[in-house]
Amino acid sequence: MRILVDADACPVKEIIVRTARRYSIEVIMFVNTCHVISDGYSTVVTVDQHSDSVDYAIANSIKPGDIIVTQDHGLAALVMSPKNFVISQNGFIYDNSNIDSLLGFRHESAKVRRSGGRTPNPKKRAAEDDEKFEKTLLEVIEKAK
């Protein structure tokens, strides 16, 4: 079991590293060249700035039993399988029961933006979001064991 992180804009990197250390789980952070991460624990994979480079690097690196952390619904759909777990930075678990509606919403939002419309901004992150993520991460680690 490893934790692979879409780390470019991930607000829970410290929680991931702290939890992984406690359980001796390998962490791999994927970033593009615009970001620098050095936490003393994670392996950092840096890719070019092309669109979706991080997503493809993660998709090409997963192994059965891995936990993938991303807020990108497209990447979640790409890496989902019965042999691994995909969770968001808010503690949401992606699975076959919810991915189609999430991708549909993403598509509709993109259409609105392309036509000049506006979509709502995400809510400001709260301490409860971090707590929910940590609780979900612990649950997924227990299931993955």
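This tour moves through the structure one selection at a time and says what is there at each stop.

**Before selecting anything**

The model is predicted, and local features are therefore described only where pLDDT is at least 70, with side-chain atom pairs counted only at pLDDT 80 or more, while totals for chains, interfaces and linings use all residues. Residues are numbered from 1 along each chain as its sequence is written, and side-chain values use heavy atoms, with hydrogens and water left out.

**The whole chain**

Begin with the protein chain coloured by secondary structure, where five helices and six strands appear; here helices (H or I, at least four residues) and strands (E, at least two) are DSSP runs, numbered from the N terminus. Read from the N terminus on, the elements follow the order β-α-β-β-α-β-α-β-β-α-α. Of the 145 residues, 40% count as buried, where buried means under 20% relative accessible area, exposed means over 50%, and partly exposed lies in between (1.4 Å probe, protein chains only). Among contacts (heavy atoms within 4.5 Å) with a separation of 6 or more, 50% are made by residues 24 or more positions apart.

**Strand S1 and Val5**

Select Val5, which is found in strand S1 and counts as buried at 0% relative accessibility. Beyond residues up to four places away in sequence, Val5 touches Cys10, Ile16, Val27, Ile28, Met29, Phe30, Ile58 and Val69. Add Ile68 to the selection: Val5 and Ile68 are 63 residues apart in sequence, yet 5.9 Å apart in space, C-alpha to C-alpha.

Next take Cys10, in the loop between S1 and H1, which is buried as well, at 6% relative accessibility. Leaving aside neighbours within four places in sequence, Cys10 is in contact with Val5, Ile16, Val69 and Gln89. From Cys10 to Val31 the C-alpha distance is 10.0 Å, across 21 residues of sequence.

**Helix H1 and its partner H5**

Now show H1 (residues 13-23) with H5 (residues 127-144). The buried residues of H1 are Ile15, Ile16, Val17, Thr19 and Ala20, and what covers them includes S1, S2, S4 and H5.

How do H1 and H5 pack, and at what angle? The angle is about 30° and the axes are 11 Å apart, the axes being lines fitted to C-alpha atoms, for helices over the stretch in contact, with angles running from 0 to 180 degrees between N-to-C directions. H1 and H5 are therefore roughly parallel to each other, since angles under 35 degrees count as roughly parallel, over 145 as roughly antiparallel, 65 to 115 as roughly perpendicular and the rest as oblique. The crossing of H1 and H5 is right-handed, a term used when the near helix is turned clockwise from the far one by less than a right angle.

To see the interface itself, select Ile15, Ile16, Arg18, Thr19, Arg22 and Tyr23 in H1, which meet Asp130, Phe133, Glu134, Leu137, Leu138, Ile141 and Glu142 in H5. The residues of this contact divide into seven nonpolar, one polar and five charged, where Ala, Val, Leu, Ile, Met, Phe, Trp, Tyr, Cys and Pro count as nonpolar, Asp, Glu, Lys and Arg as charged, and the others, Gly among them, as polar.

Stay with Arg18, which is found in helix H1 and is partly exposed at 43% relative accessibility. Arg18 and Glu134 are 116 residues apart in sequence and 9.9 Å apart in space, C-alpha to C-alpha.

Just after H1, stop at Ser24, which takes a positive phi of about 55°, in the loop between H1 and strand S2 (26-32). Ser24 is exposed, with a relative accessible area of 64%.

**The nonpolar cores**

A nonpolar core is a set of buried Ala, Val, Leu, Ile, Met, Phe, Trp, Tyr and Cys residues joined through side-chain atoms within 4.5 Å. The largest has 21 residues, and those with the most contacts inside it are Ile3, Val5, Ile16, Val69, Phe133 and Leu137. Two or more residues of this core come from each of strand S1 (2-6), H1, S2, strand S4 (67-69) and H5. Apart from it lies another core, of 14 residues, among them Ala57, Ile68, Leu75 and Met80.

Centre the view on Leu137, which touches Ile3, Ile16, Thr19, Ile67 and Ile87, not counting residues up to four places away in sequence.

**Last stop: Ser88**

Finish at Ser88, in the loop between strand S5 (85-87) and strand S6 (93-94). Is Ser88 buried or exposed? Ser88 is buried, with a relative accessible area of 7%, and, neighbours within four places in sequence aside, is in contact with Thr70, Tyr94 and Phe133.
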